[in-house]
Amino acid sequence: KDLPVPSVSFAYHMNGRDVGRLILQASEDDGQSWTKIWDAQGPRGELWLWKTRGLSVNTTQLRFIGEAGDSERGEIAIDQIKVTGVVTIDDICNTPAPGLLRWFTCKVVDFVQDFFD
């Protein structure tokens, strides 16, 4: 059976005359170094746009960086972030291994999901 190809998908919105730049970076060494895997600069209009980027199987962390433009006349937002083809929170929560990371991850995620559902 082939393993799924890891990827990240997200919706983004960049509107306004001086919107700046949105950058997505990935790390393969728990945040010691970062590689840019996508970026967009300048206004994209009032609509939400959807983007999917492939990830290395070695990706351990992702981060978004929003850079302001020349004035306050711009806004950047991201939503509906979905990572696929990698170990998920459900995988962590459904393993028998005890530990603080497992407890914290599962309890916080359950709380956030319950709160926003």
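**Exercise 1. Aromatic pairs**

Find how many aromatic pairs a search of the whole structure gives. Then classify the pair of Phe10 and Trp38 by its geometry.

*Solution.* The model is predicted.
- Step 1. Searching the whole structure yields 4 aromatic pairs.
- Step 2. Take Phe10 and Trp38: their ring centres are 5.2 Å apart, and the planes meet at 70 degrees.
- Step 3. Ring centres must lie within 6.5 Å, and planes over 60 degrees apart count as edge-to-face. Phe10 and Trp38 are therefore an edge-to-face pair.
- Step 4. Place the partners. Phe10 sits in strand β1 and Trp38 in strand β3, 28 residues apart, so the pair links distant parts of the chain.
- Step 5. Check exposure: Phe10 and Trp38 are both buried.

**Exercise 2. A second partner for Trp38**

Classify the pair of Tyr12 and Trp38, then name the aromatic cluster that holds Tyr12 and Trp38.

*Solution.*
- Step 1. The ring centres of Tyr12 and Trp38 are 4.9 Å apart.
- Step 2. Their planes stand at 65 degrees, so this pair is edge-to-face.
- Step 3. This pair, too, links distant parts of the chain: Tyr12 belongs to strand β1, Trp38 to strand β3, with their positions 26 residues apart.
- Step 4. Tyr12 is buried, as is Trp38.
- Step 5. One aromatic cluster takes in Phe10, Tyr12, Trp38 and Phe64.

**Exercise 3. The sheet with β1**

Give the strand order of the open sheet that contains β1, and find the bridge partner of Tyr12 in β6.

*Solution.*
- Step 1. The order is β4-β1-β6, an open sheet of 3 strands with antiparallel pairing.
- Step 2. At the edges are β4 (49-54) and β6 (75-84), each paired on one side only.
- Step 3. On average, neighbouring strands here are turned by 25 degrees against each other, direction ignored.
- Step 4. β1 (residues 7-15) and β6 run antiparallel and are joined by 8 bridges.
- Step 5. Within β6, Ile78 is the bridge partner of Tyr12.

**Exercise 4. The sheet with β2**

Determine which strands stand at the edges of the open sheet that contains β2, and what that leaves on each.

*Solution.*
- Step 1. This open sheet of 3 strands reads β3-β2-β5, again with antiparallel pairing.
- Step 2. The edge strands are β3 (35-41) and β5 (61-67). Each has a single partner strand, so one side of each lacks a neighbour in the sheet.
- Step 3. Neighbouring strands are turned by 15 degrees against each other on average, direction ignored.
- Step 4. Between β2 (residues 21-27) and β5, which run antiparallel, there are 7 bridges.
- Step 5. Gln25 has Arg63 as its bridge partner in β5.

**Exercise 5. Positive phi**

Locate Asp30 and Gln80, and give the phi of each.

*Solution.*
- Step 1. Asp30 lies in the loop between β2 and β3. Its phi is positive, about 55 degrees, although Asp30 is not a glycine.
- Step 2. Asp30 has a relative accessible area of 54%, so it counts as exposed: the cut-off is over 50%.
- Step 3. Gln80 is placed in strand β6. Phi of Gln80 is positive as well, near 55 degrees, and Gln80 is not a glycine.

**Exercise 6. Asp18**

Decide whether Asp18 is buried or exposed, and identify its side-chain polar contact.

*Solution.*
- Step 1. Asp18 is in the loop between β1 and β2.
- Step 2. Its relative accessibility is 18%; buried means under 20%, so Asp18 is buried.
- Step 3. The Asp18 side chain makes a polar contact with that of Ser71, at 2.5 Å.
- Step 4. Leave aside neighbours within four places in sequence. Asp18 then contacts Gly69, Asp70, Ser71, Arg73 and Gly74.

How values were computed:
Residues numbered from 1 in each chain as written. Predicted model: local features only at pLDDT ≥ 70, side-chain atom pairs only at ≥ 80, totals over all residues. Heavy atoms only, no water. Pairing = 2+ DSSP bridges. Helix = DSSP H or I, 4+ residues; strand = E, 2+ residues; numbered from the N terminus. Axes fitted to C-alpha atoms, helices over the stretch in contact; angles between N-to-C directions. Buried < 20%, exposed > 50% of the residue type's maximum accessible area, 1.4 Å probe, protein only. Phe/Tyr/Trp six-rings, centres within 6.5 Å; stacked < 30°, edge-to-face > 60°. Polar contact = N/O pair within 3.5 Å; in protein donor to acceptor, adjacent residues only side chain to side chain. Contact = heavy atoms within 4.5 Å.
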